Amino acid sequence: MIRNHLLLIVLCASLISCQTKKDSNYYKEPHRPQFHFTPESHWMNDPNGLVYLNGQYHLFYQHYPYDIVWGPMHWGHASSTDLFHWEHHPIALYPDSLGNIFSGSAVIDHNNTAGFGKDAMVAIFTYHNDSIWAKGFKNTESQGIAFSMDEGITWTKYKSNPILNNNGEQDFRDPKVFWNRETELWQMVLAVGDHIRIFSSPNLLDWKFESNFKPNETSEPLGVWECPDLFPLKYNGNTKWVMIINHGDKGPNGGSCTRYFIGDFDGNTFQQAQDARWLDYGTDFYAGVTFSNVPDDKKYLISWMSNWKYANQTPTKVWRSAMTIPRELVLDMDSSGYFIRQHITEGLHALKSNTIVQEQISSNYHLSNIDLSQALISFRSISELLKIKIGNSSEHIIIEINDDSVVIDRSNSGVVDFSDRFATKVQSMPISEAITECKIILDRSSIELLLNDGKYSMTNIFFPNEKYSELSITGEKDSKITHLKIDHIARIWP
Ligand code: FRU
């Protein structure tokens with residue numbers, strides 16, 4: 001009898017999901033991004049367990065599958081061959097008696113060091129247990145591990161979890177694990193209070209403390225330390241290490257933010273070589289981490305496009321929040337030291353069509369009745385001052401490029417009154433060189449600005465009442481704007 005009921009439930013659930021996909025409104029709700037990843041329904045925050053295996057990129061994510069606000073965390077799961085066309089899979093990790101499943105990473109255990117099997121996909125995540133907090137103890141967080149032998153579809157939690165216990169530290173989370181070819185060990189970076197803790201392990205199960213990384217700085221402390229990453233990048237044949245740290249508050253334009261350090265790492269200690277830089281100056285770029293196990297050591301990063309200041313209030317109903325486009329991180333150098341460029345990946349170029357090209361435009365250019373709801377606008381410019389306005393007949397975003405800053409104003413971009421923290425002030429990014437190249441990626445409710453070959457990045461969300469359809473670019477009289485291209489970007493959902 002119970003079995004029959006179960007069969008019926010499974011049958012109904014599969015019918016409902018088939019109907020959803022066949023429904024002509026599938027993924028077409030107001031504000032729904034068309035080529036960025038969003039969950040089919042309900043709440044999403046950080047990208048988790050980003051890993052490549054057998055031709056597929058796997059994206060796990062912080063997910064609360066019962067509401068559109070943050071709640072007890074699960075890991076949702078999707079996969080893609082090109083980092084754009086995503087296929088949804090069943091929820092990968094559910095809360096258990098040790099806690100809810102907070103952020104973490106995934107690796108491929110090619111040599112079966114953990115004993116789960118050759119090429120096991122292994123997830124390393126934080127258990128967050130509120131009942132411990134309720135009893136008056138601070139050690140609510142510990143690290144757990146799970147493995148999958150079928151490319152992330154079904155998971156087995158390790159029988160002796162947690163693998164890393166907590167001796168009373170309040171914020172002790174978001175393990176990012178990688179294989180270090182030099183030391184031939186697994187290494188983990190973990191956000192602990194106001195620093196990053198580094199560990200190593202031969203087998204993903206037994207972890208040895210190596211060192212703490214706490215940067216030299218005198219400025220006011222940033223918000224809670226979360227979601228670190230540590231990886232090597234090459235510049236002119238030399239290897240430098242990049243330490244990414246996400247902070248829950250006090251970003252350059254308020255709220256959640258991502259910064260990075262460039263330095264050296266010997267398997268034990270990370271030595272900071274220069275001051276921190278922001279990876280993005282917009283308010284909607286958070287918890288960014290990179291994929292592991294990608295061929296040719298390429299580093300692709302995805303961030304969550306929201307901000308803890310208002311993430312729970314954004315005006316969507318069926319699902320909540322999107323990821324950034326994947327960005328390839330490339331190391332470069334100028335007179336101020338090393339820095340990271342963020343490049344658009346190949347998959348986006350393959351989605352372009354209906355391109356408008358203007359070799360040269362006037363310094364007072366205006367285009368209307370054009371669909372800018374899914375678009376890549378790019379141009380080159382020789383001009384100190386530029387004003388770019390993108391909108392519909394009554395709403396718009398204004399981008400101003402000045403000689404020492406880029407400013408974004410979304411105060412009249414559409415629905416802004418869902419939170420008094422959303423659009424109260426303009427956002428500003430300092431620049432140390434003239435902006436000569438500009439890419440603007442628009443997808444219904446997001447704008448990603450990548451300037452000077454991805455040297456400068458600013459990411460924002462916005463919620464227009466009507467599709468954006470007008471573009472104006474205004475410069476000084478002697479400004480020269482060339483190679484203007486407006487590409488329509490195709491929808492990725494069925
Ligand atoms: C970052 C974060 C992580 C935590 C997760 C909980 O946005 O706060 O530190 O693991 O989200 O959902």
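This section describes an open sheet and the surroundings of the ligand in a predicted model.

The sheet is built from five strands in the order 4-3-2-1-20, with mixed pairing, and it is open. Strand 4 and strand 20 (319-320) occupy its edges and have a single partner strand each, so one side of each remains without a neighbour in the sheet. At one of these edges, strand 3 (residues 74-80) and strand 4 (residues 87-93) run antiparallel and are joined by four bridges, with W75 standing opposite L93 of strand 4. The hairpin of strand 3 and strand 4 has six residues between the strands, and in this hairpin L83 adopts a positive phi near 70°. Strand 20, by contrast in direction, runs parallel to strand 1 (residues 42-53), to which two bridges join it; the bridge partner of W43 in strand 20 is R320.

The ligand is surrounded by N45, D46, Q62, W70, M73, F102, S103, R173, D174, E226, Y286 and W308, a shell that divides into five nonpolar, three polar and four charged residues. At least two residues of this shell are supplied by each of strand 1, strand 5 (100-109) and strand 9 (172-180). Among the side chains that approach oxygen atoms of the ligand, that of D174 has an N or O atom 2.6 Å from one such oxygen, while a polar side-chain atom of E226 lies at 2.8 Å from a ligand oxygen, and an N or O atom in the side chain of W308 is 2.9 Å from an oxygen atom of the ligand. Of the 310 Å² of accessible area that the ligand has on its own, the protein covers 96%.

Methods:
Residues numbered from 1 in each chain as written. Predicted model: local features only at pLDDT ≥ 70, side-chain atom pairs only at ≥ 80, totals over all residues. Heavy atoms only, no water. Pairing = 2+ DSSP bridges. Near = heavy atom within 4 Å. Polar contact = N/O pair within 3.5 Å; in protein donor to acceptor, adjacent residues only side chain to side chain. Areas by Shrake-Rupley, 256 points an atom, 1.4 Å probe, with all protein chains shown as cover. Nonpolar A, V, L, I, M, F, W, Y, C, P; charged D, E, K, R; others polar.
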